[in-house]
Amino acid sequence: MKAQPFHLAIPVQNLEKLRTFYREILNCEEGRSTDQWVDFNFFGHQLVIHKKENYQPTKSITNPVDGHDVPVPHFGVVLTWEDWHALADRLKTLNTKFEIAPCIRFKGKVGEQATMFFKDPENNALEFKAFQDINQLFAK
């Protein structure tokens, strides 16, 4: 089955602050927008931020995975190995505060992957990962 772009819409309190983050930090191209929402090309997928007055970002919880406390909920994308390393280097240069710094998870095991977690300005957790062998994505 060929992968199709996903669509994700999230509430935000400060539309401009989040608009700047996704556009300037993650280099997501901005699409349609109004004074209440903004579409982004989120690595080939559609991410929409919706301004919601009095929205209170939730405190994330964590789940232990391979020795790390993974923030839940979270969203993100699977990048190529090269693109993941380029993004990790860019984020380090920008002094990004990582929840889980760029690392290799499940090293030497089925599903070995590069991963990193960080949050946007309203506490939404993002994960970016990559596989040297994309066939490991759903491997058991």
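In the predicted model analysed here, N27 is exposed, with a relative accessible area of 52%. This residue lies in the loop that joins α1 to β2 (29–33), and its phi is near 60°, a positive value in a residue other than glycine. A second asparagine, N123, also has a positive phi, of about 75°, although it is not a glycine. N123 is found in the loop between β9 (113–119) and β10, where, at 27% relative accessibility, the residue counts as partly exposed. Such backbone values merit mention because most residues other than glycine have a negative phi, and most peptide bonds are trans. The second half of that generalisation is relevant to the peptide bond from V72 to P73, which is cis, with omega near 0°; P73 itself lies in the loop between β6 (68–72) and β7.

Salt bridges were examined next, and the structure holds nine of them. Several of the charged residues do not act as isolated pairs: E16, R19, R23, E24 and E30 are linked in a network of salt bridges. Within this network, R19 forms a salt bridge with E16, the closest N and O atoms being 2.9 Å apart. The relation of these two residues along the chain can be stated in terms of the helix that holds them, since R19 and E16 are three residues apart in helix α1 (residues 15–25) and are therefore separated by about one helical turn. Their surroundings can be described through accessibility: R19 is buried, with a relative accessible area of 12%, whereas E16, at 44% relative accessibility, counts as partly exposed. The side chains of E30 and R23, which also belong to the network, meet in a salt bridge with an N to O distance of 3.2 Å. In this pair, E30 is partly exposed, with a relative accessible area of 25%, and R23, at 30% relative accessibility, is likewise classed as partly exposed. A further salt bridge is formed by the side chains of E127 and K129, with an N to O distance of 3.9 Å. Both E127 and K129 are buried.

The analysis of pockets gave a volume of about 380 Å³ for the largest pocket. Of the 14 residues that line this pocket, the closest to its centre are H45, G76, V77, V78 and L137. The elements that give two or more residues to the lining are β7 (74–79) and β10, and β7 gives the most, with five residues. By class, the lining of the largest pocket has eight nonpolar, four polar and two charged residues.

Two of the residues closest to the pocket centre, V78 and L137, also appear in the description of the surface. Together with I134 and F138, V78 and L137 form a nonpolar patch on the surface, and the accessible area of the four residues together is about 400 Å². L137 is found in the segment after β10 (125–130). With a relative accessible area of 31%, L137 is partly exposed; membership of a patch requires over 30% relative accessible area, so L137 meets this cut-off.

The segment after β10 is also the place of D133, which, at 36% relative accessibility, counts as partly exposed. D133 and T80 are 53 residues apart in sequence, and their C-alpha atoms are 9.5 Å apart in space. A second pair of residues, D39 and A114, is 75 residues apart in sequence, with a separation in space of 28 Å from C-alpha to C-alpha. D39 lies in strand β3 (residues 37–42) and, at 6% relative accessibility, counts as buried.

Notes:
Residues numbered from 1 in each chain as written. Predicted model: local features only at pLDDT ≥ 70, side-chain atom pairs only at ≥ 80, totals over all residues. Heavy atoms only, no water. Patch = residues over 30% accessible without salt bridge, like charges linked within 9 Å, V, L, I, M, F, W, Y side chains within 5 Å. Areas by Shrake-Rupley, 256 points an atom, 1.4 Å probe, with all protein chains shown as cover. Helix = DSSP H or I, 4+ residues; strand = E, 2+ residues; numbered from the N terminus. Buried < 20%, exposed > 50% of the residue type's maximum accessible area, 1.4 Å probe, protein only. 1 Å grid on protein atoms, 1.4 Å probe; cavity = no way out; pocket = protein on both sides within 12 Å on 5 of 7 lines; lining within 4 Å. Points joined across faces, edges and corners; volume = space filled by probe spheres on them. Nonpolar A, V, L, I, M, F, W, Y, C, P; charged D, E, K, R; others polar.
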